[in-house]
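Welcome, and please take a moment to look over the molecule shown below. The report that follows walks through it piece by piece.

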Amino acid sequence: MEKASSLNADDQALIRASKTNWSRHWDQVAKGPLPYRPGASGFKQFLRQCGGVELAWRLVLKEMDWPQGLRILEAGCGTGELSVRFVIRGNQVIFMDTSQSALECARKACSGAKNAAFIQASIFDLPFKGEGFDRAFNVGVLDHFSTAGRQQASGEMLRIVKPHGRVVVLTNDARSFIHPLVMRFALKRGRWPFGFKEGVRSLQTELNLSSKEFSVWEYGQGLISQFEFLHYLVPGRREVHKIFSRLFFIVSLPFSLLNKFPGQYLVTVVEKIRIAQQQHISEQHKT
Ligand SMILES: C[S@@+](CC[C@H](N)C(=O)[O-])C[C@H]1O[C@@H](n2cnc3c(N)ncnc32)[C@H](O)[C@@H]1O
């Protein structure tokens, strides 16, 4: 049962649906080989730079301030394609998801690394006491929930980061024109197994955090990467989608700089302000 203080029955229904849809999806995925190669080469990353995964990685890495040797939580890690890279960079990473199958894939990807741990839990009720993490993040998780759900999930992530720690959230940007069109099309044809997913206009506005306690910044990126979603228009098997993705990577490469403009992702970063910093800010206000 979720810690459901401010969540009504509709909010709760979305949370349950997301858990069920994703679990079903990951159960299928886990039957096959690992869907990615952990620690992809720099050249492969370069070729795929317009894809959603590589763009998300660059954004998360930058906004987490290139962490090394830090304690990181990915709350809704899926198969761990991003977090395994933080493990390789020497961070202590907790992979957390509601799906056991997804966590099994992530465990396989980490192949016994001592600095990785795997916990099945919900973002609405994080099983951690105190402010034990330097960073917490997720990609494509909060857009499955209502505004109240996003507020509660963000509150949980903020609760467990240390003073001066950061929470980084990537959601689908409500300004993306491709995503809702493709999702509607794919839903009608039974090619969208993930259920409700809504672009977010501003998580910063939804959270409405005190500027005395938190420093918040937000922006959109992914004008080109959003077109990768078009693969849902293509009927057929996984192999056909792979061919589409490869073509997309090649065709989009010359336009990669355009990803600096809003499109696929809304990036929201919240930093807990240190006590000393708070004093410094109030001193500045006095002068
Ligand atoms: C878009 S996927 C994340 C994919 C991930 N970024 C990756 O690289 O594989 C959303 C994830 O959120 C997870 N999820 C759904 N409801 C959740 C909840 N209440 N708490 C934590 N995770 C949840 C799903 O199981 C799924 O793995």
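## Starting at Arg-71

In which strand is the place of Arg-71? Arg-71 sits in strand 1. Please keep in mind, as we go along, that this is a predicted model. Arg-71 counts as partly exposed, because 19 other C-beta atoms lie within 10 Å, while a buried residue needs 20 or more.

Leaving aside residues up to four places away in sequence, Arg-71 touches Gln-92, Gly-132, Phe-133 and Asp-134. Val-167 is 96 residues from Arg-71 along the chain, and the C-alpha atoms of the two are separated by 12 Å.

## Strand 1 and its partners

Strand 1 covers residues 71-75, and four of its five residues are buried. Strand 1 runs parallel to strand 2, with five bridges joining them. One pair to look for is Glu-74 with its bridge partner Phe-95 in strand 2. To get from strand 1 to strand 2, the chain passes through helix 4, making a right-handed β-α-β crossover.

Strand 1 also pairs with strand 4, again in the parallel sense, over three bridges. Here Glu-74 turns up once more, standing opposite Phe-137 in strand 4.

## A closer look at Arg-135

Strand 4 spans residues 133-139 and is home to Arg-135. Is Arg-135 buried or exposed? Arg-135 counts as buried because it has 24 C-beta neighbours inside 10 Å.

Which residues does Arg-135 touch, not counting residues up to four places away in sequence? They are Met-64, Pro-67, Leu-70, Ile-72, Val-161, Gly-165, Arg-166 and Val-168. Glu-63 lies 72 residues from Arg-135 along the chain, and 9.9 Å separates their C-alpha atoms.

## On to strands 5 and 7

Strand 5 takes in residues 161-172 and is mostly covered, with nine of its 12 residues buried. Six bridges pair strand 5 with strand 4 in the parallel sense, and Ala-136 stands opposite Val-167 in strand 5. The route from strand 4 to strand 5 goes through helix 6 (residues 147-160), and this β-α-β crossover is right-handed.

Strand 5 has a further pairing, this time with strand 7 (residues 262-272), in the antiparallel sense over seven bridges. Within this pairing, Arg-166 has Glu-271 of strand 7 as its bridge partner. Arg-166 is also one of the residues that Arg-135 touches.

## One covered face on helix 5

Helix 5 is made of residues 100-110, and its buried residues are Ala-102, Leu-103, Cys-105, Ala-106, Ala-109 and Cys-110. Viewed down the axis of helix 5, these buried residues fall within an arc of 155 degrees, so they line one face of the helix. A general rule helps to picture this: an α-helix has 3.6 residues a turn, so residues three or four places apart point the same way.

What covers the buried residues of helix 5? The cover includes helix 1, helix 4 (83-88), strand 2 (92-97) and strand 3 (116-120).

## Three positive phi angles

Most residues other than glycine have a negative phi, and a few places here are worth a look for that angle. Just after helix 5, Ser-111 takes a positive phi of about 30 degrees. His-164, which is not a glycine, has a positive phi of about 75 degrees. His-164 belongs to strand 5, and it is partly exposed because 15 other C-beta atoms lie within 10 Å.

Asn-208 is another case, with a positive phi near 45 degrees. You will find Asn-208 in the loop between helix 8 (203-207) and strand 6 (214-222). Asn-208 is exposed, because 8 other C-beta atoms lie within 10 Å and the limit for that label is 12 or fewer.

## Around the ligand

Finally, turn to the ligand, which has 21 residues around it. Which of them come nearest? Those are Trp-22, Gly-76, Gly-78, Ile-123 and Gly-140.

Helix 1 (residues 9-29) gives the largest share of this shell, four residues. Sorted by class, the shell around the ligand has 10 nonpolar, eight polar and three charged residues. Helix 1 is also part of what covers the buried residues of helix 5.

Terms used. Residues numbered from 1 in each chain as written. Predicted model: local features only at pLDDT ≥ 70, side-chain atom pairs only at ≥ 80, totals over all residues. Near = placed C-beta within 6 Å. Helix = DSSP H or I, 4+ residues; strand = E, 2+ residues; numbered from the N terminus. Nonpolar A, V, L, I, M, F, W, Y, C, P; charged D, E, K, R; others polar. Contact = placed C-beta atoms within 7 Å. Arc of directions from axis to C-beta. Pairing = 2+ DSSP bridges. Right-handed = clockwise from strand over helix to strand, strands pointing away.
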